[in-house]
Amino acid sequence: MRQTAPARLLRALTRRAVLEPADAEAMANWDHDGGFSLDASVRIEAADRQDLERLLPHCARPAFALERLREIDAEDLVHASVKPGPGGRVSLMLTPLVSRPT
């Protein structure tokens, strides 16, 4: 069976102890491939410095624009969207992941 790129990435992150297995499993069940956005048609050769340098700013961008992030209380954040999302939503409530005992 052929695996998708997000599934392979989640498996690699679990093997390297970056993600707990339960978290990787939960992400795998999210809509839209676990939150990953991937264009597999883009290919850059390792020696192609110009294209690698052009790609780097996209990889280094944070997931959320910090200027649109505000703290509600000690544990909750709200991210205001530039344009409405699914269902007309204009903000997203963010809460921390629950730590698991090791």
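**Exercise 1.** Find how strand 1 is joined to strand 2 in this predicted model: how many bridges are there, and do the strands run parallel or antiparallel?

*Solution.* Start by locating strand 2, which covers residues 77-80. Next, look for the bridges between strand 1 and strand 2: there are 3. Then follow the directions of the two strands, and you will see that they run antiparallel. For one pair to check by eye, take L69, whose bridge partner in strand 2 is H79.

**Exercise 2.** Work out which strands stand at the edges of the sheet, and why one side of each lacks a neighbour.

*Solution.* First, write down the strand order: the open sheet has 3 strands, arranged 1-2-3 with antiparallel pairing. Now look at the edges, where you meet strand 1 (69-71) and strand 3 (91-94). Each of these has a single partner strand, so one of its sides has no neighbour in the sheet. To finish the picture, add the twist, which averages 25 degrees from one strand to the next.

**Exercise 3.** Place the strands in the whole chain: what pattern does the protein chain follow along the sequence?

*Solution.* Begin with the elements: the protein chain has 4 helices and 3 strands. Reading along the sequence then gives α-α-α-α-β-β-β.

**Exercise 4.** Describe burial and surface: what percentage of the residues count as buried, and how much accessible surface does the chain have?

*Solution.* Take burial to mean under 20% relative accessible area. By that cut-off, 12% of the 102 residues are buried. Turning to the surface, the accessible area of the protein chain is about 9100 Å², with 55% of it belonging to carbon and sulfur atoms.

How values were computed:
Residues numbered from 1 in each chain as written. Predicted model: local features only at pLDDT ≥ 70, side-chain atom pairs only at ≥ 80, totals over all residues. Heavy atoms only, no water. Pairing = 2+ DSSP bridges. Axes fitted to C-alpha atoms, helices over the stretch in contact; angles between N-to-C directions. Buried < 20%, exposed > 50% of the residue type's maximum accessible area, 1.4 Å probe, protein only. Areas by Shrake-Rupley, 256 points an atom, 1.4 Å probe, with all protein chains shown as cover.
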